[in-house]
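Trainee: Could you take a close look at the charged pairs inside this protein, and show me where their side chains sit and what surrounds them? I would like to follow them step by step.

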Amino acid sequence: MAATALAAGLVTSASAETVRWARSQDATTLDPHSQNLGTNHNFLHHIYETLVDRDNDGALQPRLATEWNLKEGDDTVWVFTLREGVTFHDGAPFTADDVVFSIERAKMEGSNMRQLHADVESVTAVDDYTVEFQMTGPSPIYPNNLTNTFMMDREWSEANDVVEPQDFAAGEDNYAVRNTNGTGPYELTSRDPDVRSVMTYYEGHWGEAPDVTEIQYSVISENATRVAALLSGEVDFVQDVPVQDIQRLSTQGGVKVETGPENRSIFFAYRFGEEPLRSSNVTDSNPFNSPQVREAMHLAVDREAIRQVVMRGQSDPAGVIVPPFVNGWTEELNAFPAPDVERARELMAEAGYEDGFSVTLDTPNNRYVNDEAIAQAVAGMLSQIGINVTLASRPVAQHSPLVQNNETDFYLFGWGVPTFDSAYNFNDLVHTKDGDYGAYNGGLYSNPELDAMIEGLGTEIDETVRDQAIADIWATVQEDRVFLPIHNQVLAYAMNENLTLPVQPENQPRMYEMQVAE
């Protein structure tokens with residue numbers, strides 16, 4: 001049916017009330033503090049809300065907090081004034097006590113969001129609509145860390161035994177994984193994981209009523225089927241548009257395509273340390289621990305070829321794992337070497353691996369634009385210098401725990417920066433895996449001197465000093481080749497022509513912001 005409709009180029013209009021939204025993967029959990037994963041945040045922003053939000057230009061905006069400022073006479077305390085008249089979907093009022101509960105929950109050991117709140121010493125409800133965050137020191141950029149930390153109802157959480165967040169990496173389950181009670185513009189009315197979810201407008205929401213009053217969210221993992229569903233009128237909005245279909249859809253009657261850069265980098269990472277790799281034929285050492293091997297890999301990868309062939313021009317090749325949106329990015333950092341296979345082979349020989357070695361490369365196959373195809377291309381490039389890669393491809397719901405649990409030798413990953421500041425990368429990806437830090441440091445890179453510098457960023461109030469520290473940390477990360485950057489993502493959204501929704505830089509399209517033409 002889809003192939004027939006595709007050939008006919010049939011497109012039907014969405015109603016003004018319902019939008020049928022399709023993407024390649026589902027949220028892995030609905031527990032708001034379980035996983036720091038963009039797919040989950042995208043889904044949950046419709047049901048739960050944060051204290052502050054960010055507009056498409058990157059500026060912070062009020063949401064459940066109407067104002068925030070440092071306490072007069074004490075620059076270690078942030079004061080948030082809450083929006084009055086807000087209720088959860090079960091009718092309970094939203095108050096400062098819910099903020100205290102939510103932040104304390106997000107800081108718990110099982111939370112994958114806790115690193116964002118590492119500098120929070122305590123949270124106190126001054127009255128029903130005022131909350132004070134006592135920081136461990138001056139923390140001038142802390143509100144930037146709150147754009148994906150959702151507020152939960154303490155009473156609902158206690159009644160349903162979800163006071164502690166689900167430990168996703170450990171395979172835990174809880175009531176909040178499939179059930180919700182937020183303050184957001186939509187209520188969850190049905191949920192069939194990895195198949196279909198429905199959200200309907202919450203009449204008690206404090207904001208202006210959106211054009212879209214019902215969202216039918218479908219998971220269609222196969223690219224051609226997803227595009228065919230749009231062209232046949234089965235769905236109205238496709239988030240993960242395959243790069244090979246962008247041009248065709250742009251000229252298709254009845255369809256509109258929006259493109260734009262995402263604040264996300266795609267890169268490879270590898271295991272550090274003396275311990276031999278688990279998946280390699282080298283059993284007495286770790287080849288990735290050799291600086292020459294890491295340099296050789298950088299020289300073997302042709303980023304421009306990936307952009308042209310794999311991404312059909314829809315990517316921005318990069319030499320560092322932060323996009324230009326992010327504080328700390330510079331053109332110098334972003335520079336990358338031209339491919340030089342001969343020199344790469346010389347470096348492999350200098351490292352003692354003139355015969356190469358084998359290793360398994362883990363990659364998601366439904367999370368990032370052409371993720372598996374990128375991994376295949378890089379595997380082919382590395383084979384030119386004797387690194388024989390076995391590709392292990394799996395859905396992100398299975399791939400992400402591999403990285404979190406350090407169960408991979410070599411992996412593809414993507415990283416968005418919701419804080420728009422390099423400290424977010426350093427905290428999760430570079431800092432030694434310890435306590436609140438290093439949650440996604442799957443390669444176990446460790447540099448105690450950098451750890452101290454990273455922790456200092458959280459309370460550094462001199463902007464010039466802080467920016468220099470960021471530059472110094474990046475210089476070491478780049479010199480050590482902690483990561484193998486590939487590109488920054490470029491996104492495409494395709495939709496019926498009567499819908500309007502620009503690309504959101506964090507790839508979080510909000511259906512309550514969608515405009516529906518009459």
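Mentor: Let's start with arginine 63, which is buried, with a relative accessible area of 4%. Here buried means under 20% relative accessible area, exposed over 50%, and partly exposed in between (1.4 Å probe, protein chains only). Keep in mind that this is a predicted model, where local features need pLDDT of at least 70 and side-chain atom pairs count only at pLDDT 80 or more, while totals for chains, interfaces and linings use all residues. Residues are numbered from 1 along each chain as its sequence is written, and side-chain values use heavy atoms, with hydrogens and water left out.

The partner of arginine 63 is aspartate 53: the two form a salt bridge, with their closest N and O atoms 3.9 Å apart. A salt bridge needs a side-chain nitrogen of Lys or Arg within 4 Å of a carboxyl oxygen of Asp or Glu. This pair links distant parts of the chain, 10 residues apart: aspartate 53 belongs to strand E2 (residues 52–54), and arginine 63 to the loop between strand E3 (60–62) and strand E4 (65–71). Helices (H or I, at least four residues) and strands (E, at least two) are DSSP runs, numbered from the N terminus. Like its partner, aspartate 53 is buried, at 9% relative accessible area.

By the salt-bridge rule, the count comes to 22. Another of them joins the side chains of glutamate 132 and lysine 71, at 3.3 Å from N to O. Glutamate 132 is in strand E7 (residues 130–135) and lysine 71 in strand E4, so this bridge ties together parts that are 61 residues apart in sequence. Is lysine 71 buried or partly exposed? With 35% relative accessibility, lysine 71 counts as partly exposed.

Now move to arginine 466 and aspartate 421, whose side chains meet in a salt bridge of 2.9 Å, N to O. They too link distant parts of the chain, 45 residues apart: arginine 466 lies in helix H15, and aspartate 421 in the loop between strand E16 (410–416) and helix H13. Both of these residues are buried. Some bridges also share partners, and in this way Glu49, Asp53, Arg63 and Arg510 are joined into one network.

Helices H13 and H15 lead us to another helix, H14 (residues 448–457), where Leu450, Asp451, Ile454 and Leu457 are buried. Why do these residues share a side of H14? They cover an arc of only 115 degrees around the axis, which puts them on the same side of H14; the arc is that of the directions from the helix axis to the C-beta atoms. Pro448, Glu449 and Ala452 are exposed on the other side. Helix H13 (423–430) and helix H15 (463–479) are included in what covers the buried residues of H14.

An acidic side chain can also meet the backbone. Aspartate 240 sits in the loop between strand E11 (237–238) and helix H6 (246–250), and at 14% relative accessibility it counts as buried. A polar atom of its side chain lies 2.7 Å from the backbone nitrogen of serine 24. Leaving aside neighbours within four places in sequence, aspartate 240 is in contact (heavy atoms within 4.5 Å) with Arg23, Ser24, Gln25 and Arg226.

For one more charged residue, look at glutamate 187 in strand E8 (residues 186–192). Glutamate 187 is partly exposed, with a relative accessible area of 26%. Not counting residues up to four places away in sequence, glutamate 187 touches His89, Val198, Met199, Thr200, Tyr201 and Tyr202. The C-alpha atoms of glutamate 187 and Tyr201 are separated by 6.3 Å, although the two residues are 14 apart along the chain.

Finally, compare an uncharged residue: threonine 363, in strand E14 (residues 357–364), is buried, with a relative accessible area of 0%. Among the residues that threonine 363 touches, with those up to four places away in sequence not counted, are Asp371, Glu372, Arg394 and His399.

Technical notes: A polar contact is a pair of N or O atoms within 3.5 Å; within protein, one must be able to donate a hydrogen and the other to accept it, and residues adjacent in sequence count only if both atoms are side-chain atoms.
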